[in-house]
Amino acid sequence: MSVAQEMRDHLLTLADPAKALVLQGFFKTAKGAYGEGDRFAGIPVPKTRSVAKLYVRSVDPEDVLPLLSDAIHECRLLALLVWVGQFSKGDESLRERIYNLYLSNTDKINNWDLVDLSAYQIVGEYLANKDRAPLYRLAESGNLWEQRISIVATWKYIREGRFDDTLCLADKLLQHPHDLIQKAVGWMLREVGKRDKDVLCRFLELRYSVMPRTMLRYAIEKFTPEERAFFMRKSQP
């Protein structure tokens with residue numbers, strides 16, 4: 001039995017069919033939706049994370065690639081959480097391997113939670129002291145998940161008080177038509193505002209009238225009711 005199969009079997013002992021049905025709806029898996037065809041086993045993230053911790057030290061990053069190609073959502077998440085754990089403990093050589101594997105398999109990192117639980121810990125962390133050009137290539141790729149990776153990866157820098165890449169990428173994605181990008185950009189802008197409200201306000205003052213309302217709502221969530229009303233009143237419908 002392969003390591004990946006062992007991990008898969010272990011994870012699926014935790015499956016909950018009733019919860020799986022709920023997740024199928026929550027993640028919009030119907031035909032034509034962003035998660036069309038995704039299958040769930042009904043395993044909560046903390047339990048998936050617990051399984052991942054058992055294998056972080058004992059497998060190679062390449063060993064989990066079959067899991068990343070699995071039709072079951074939680075199996076793909078398990079692979080990513082193993083990489084996150086390995087990345088955090090690895091040397092530069094291991095980090096580079098994981099980063100390259102991650103960007104070579106973005107077609108399988110194909111739901112918003114998979115991105116959000118891995119992008120800033122791997123892509124953001126790897127590029128922390130390097131050229132950020134890969135983030136801009138992802139933003140310009142036209143691929144929904146790569147675009148979400150690009151902006152969510154900057155959470156790493158926001159937490160350190162570095163906002164330039166977040167604001168530049170937000171500008172690039174400002175008119176994105178998909179709500180999953182609008183929400184991600186708004187979320188990152190909100191995180192900027194939690195650390196420096198003046199920076200966020202200056203950004204919004206020049207853009208709020210043309211921002212999608214979903215993006216703006218997320219960005220100003222921590223503002224006062226009066227401030228939110230001011231910005232929403234003049235935002236685009």
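**Exercise 1. Is Arg195 buried, partly exposed or exposed, and what is its relative accessible area?**

*Solution.* Keep in mind that this is a predicted model. Start with the number: Arg195 has a relative accessible area of 39%. Next, bring in the cut-offs: buried means under 20%, exposed means over 50%, and partly exposed lies in between. Arg195 is therefore partly exposed.

Now look at its partner. The side chain of Arg195 meets that of Glu191 in a salt bridge, with 3.0 Å from N to O. Glu191 has 5% relative accessibility, so it counts as buried. Finally, place the pair: both residues sit in helix 13 (residues 179-195), and because they are 4 residues apart there, about one helical turn separates them.

Other salt bridges share partners, and one network built that way joins Arg95, Glu125, Lys156, Glu160 and Arg162.

**Exercise 2. Take two members of that network, Arg162 and Glu160, and work out how their side chains meet and how open each residue is.**

*Solution.* First, the distance: the closest N and O atoms of Arg162 and Glu160 are 2.4 Å apart. A salt bridge needs such atoms within 4 Å, and this pair forms one.

Then check each residue in turn. Arg162 has a relative accessible area of 33%, so call it partly exposed. Glu160 comes out at 40%, and that makes it partly exposed too.

**Exercise 3. Find out which parts of the chain the salt bridge between Asp165 and Arg132 links.**

*Solution.* Begin with the contact itself: the two side chains meet at 2.3 Å, N to O. Now trace where each one lives. Asp165 belongs to helix 12 (residues 164-172), while Arg132 is in the loop between helix 8 (119-126) and helix 9 (133-139). They're 33 residues apart, and the pair links distant parts of the chain.

Last step, the surroundings. Asp165 has 14% relative accessibility, so it is buried. Arg132 is also at 14%, which puts it in the buried class. Across the whole chain, the count comes to 19 salt bridges.

**Exercise 4. Describe the place of Ala15 and the residues it touches.**

*Solution.* Locate it first: Ala15 lies in the loop between helix 1 (3-12) and helix 2 (17-26). Its relative accessible area is 35%, so it's partly exposed.

Next, list the neighbours. Leaving aside residues up to four places away in sequence, Ala15 touches Ala41 and Ile43. For Ala41, compare the two kinds of distance: Ala15 and Ala41 are 26 residues apart along the chain, yet 5.0 Å separates their C-alpha atoms.

**Exercise 5. Step back and work out whether the radius of gyration agrees with or departs from that of a compact globule.**

*Solution.* Count the residues: there are 237, and for that number a compact globule would have a radius of gyration near 18 Å. The chain has 19 Å, so the two agree.

Add the rest of the picture piece by piece:

- The chain has 16 helices and 0 strands.
- Along the principal axes, its C-alpha atoms fill a box of roughly 60 × 40 × 30 Å.
- Of the 237 residues, 54% count as buried.
- Among contacts with a separation of 6 or more, 68% come from residues 24 or more positions apart.
- About 11100 Å² of the chain is exposed, with carbon and sulfur atoms supplying 51% of that.
- There are 35 positive and 32 negative charges, and their mean positions are 5 Å apart.

Conventions
Residues are numbered from 1 along each chain as its sequence is written. This is a predicted model: local features need pLDDT of at least 70, side-chain atom pairs count only at pLDDT 80 or more; totals for chains, interfaces and linings use all residues. Side-chain values use heavy atoms; hydrogens and water are left out. Helices (H or I, at least four residues) and strands (E, at least two) are DSSP runs, numbered from the N terminus. Buried means under 20% relative accessible area, exposed over 50%, partly exposed in between (1.4 Å probe, protein chains only). The radius of gyration is taken over C-alpha atoms; the globule rule is 2.2 Å times the number of residues to the power 0.38. Contact means heavy atoms within 4.5 Å. Accessible areas come from the Shrake-Rupley method with a 1.4 Å probe; for residues, only the protein chains shown count as cover. Lys and Arg count as positive and Asp and Glu as negative; His and the chain ends are not counted. The place of a charge is taken as NZ of Lys, CZ of Arg, CG of Asp or CD of Glu.
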